Amino acid sequence: MAGYIHAAPAETKYLTNVNVTKCPADAIEAGDCVAKIVNTILPTLRHGDPELNIPAYDPFLIDRLSFQYSSGAVSGRISVRNVQLYGFAELTVRKVKVKHDGKKVQLKIDTFLPKMNIIGDYKADIHVNQLQLKPKGKFNLTLYDVENFVTTEGEFFTKDDGLRFVRLVDIDANPKIGNMIIKANGIFPDPELDEIALNVANSYWRDIYGIILPETRKSWAPLMLRLINQSLQNVPIDQFIETSDESTT
């Protein structure tokens, strides 16, 4: 593993790292270094670390999530449960831009994922004009060439032990995908109608994705923010930043 854990006061466990180069304090120069650190540490935490309060992320599990959407003649509510996301272990951070003033920090992050598979259970209540559908079943989505452009706003804070940390207060993600394959059952009572519906969905997946992504942002963005902050609360930021003495050696 690229890092080690040491005990801080009150038995708090913190992630530190001795096998990566520390980043310069200057924000303009720090971006490439931050990307390198994340790409080094992330694979080692694939299965999570309970002592650091960092959950496993491949597969990444979501117990349940619900969202509503409305676009043109289509409106409804979809709930998903027992969701498993596979592929995050292959995530690569391609570029990071950092801005900070000592109190607040902004990160712009460009990532790439060659393939992601999402499986789970779903049920929905959908209205298409005067037609009401209540499908229920299992779904399986495969996304290819996922490019994600994430902008985060955060703030530095200091714990009682004197160590500094980052807490995100806002996050915005704009994932773009090269291709998507949709599989599901239970859309209609007749399996043949299911197949017809899936053929249509796979033919027009870009339109569907373009509608669902912004409509569901208010559901998944807070989840992302909470999970990232949960992991960051045990990562002292100064462990990865050069001191003035180190930067001159």
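The overall architecture of a predicted model is described here, followed by its surface charge.

The secondary structure of the protein chain amounts to four helices and nine strands. Read from the N terminus, these elements follow the order β-β-α-β-β-β-β-β-β-β-α-α-α. The C-alpha trace extends over about 70 × 35 × 25 Å along its principal axes. Contacts between residues at least 6 apart in sequence were examined for their separation along the chain, and 62% of them join residues at least 24 apart.

With regard to solvent exposure, 36% of the 249 residues of the protein chain are classed as buried. The accessible surface of the protein chain comes to about 14,600 Å², of which 55% is supplied by carbon and sulfur atoms.

The charged side chains of the protein chain comprise 28 positive and 31 negative groups. The centres of these two sets are separated by 4 Å. On the surface, K95, K97, K99 and K108 together form a positive patch. The greatest contribution to this positive patch is made by strand β5, which covers residues 92-100 and provides three residues. Among the lysines of the patch, K97 is located in strand β5. The relative accessible area of K97 is 52%, and K97 is therefore classed as exposed, the cut-off for that class being over 50%.

Technical notes
Residues numbered from 1 in each chain as written. Predicted model: local features only at pLDDT ≥ 70, side-chain atom pairs only at ≥ 80, totals over all residues. Heavy atoms only, no water. Patch = residues over 30% accessible without salt bridge, like charges linked within 9 Å, V, L, I, M, F, W, Y side chains within 5 Å. Areas by Shrake-Rupley, 256 points an atom, 1.4 Å probe, with all protein chains shown as cover. Salt bridge = Lys/Arg side-chain N within 4 Å of Asp/Glu carboxyl O. Lys, Arg positive; Asp, Glu negative; His and termini not counted. Charge placed at Lys NZ, Arg CZ, Asp CG, Glu CD. Helix = DSSP H or I, 4+ residues; strand = E, 2+ residues; numbered from the N terminus. Buried < 20%, exposed > 50% of the residue type's maximum accessible area, 1.4 Å probe, protein only. Contact = heavy atoms within 4.5 Å.
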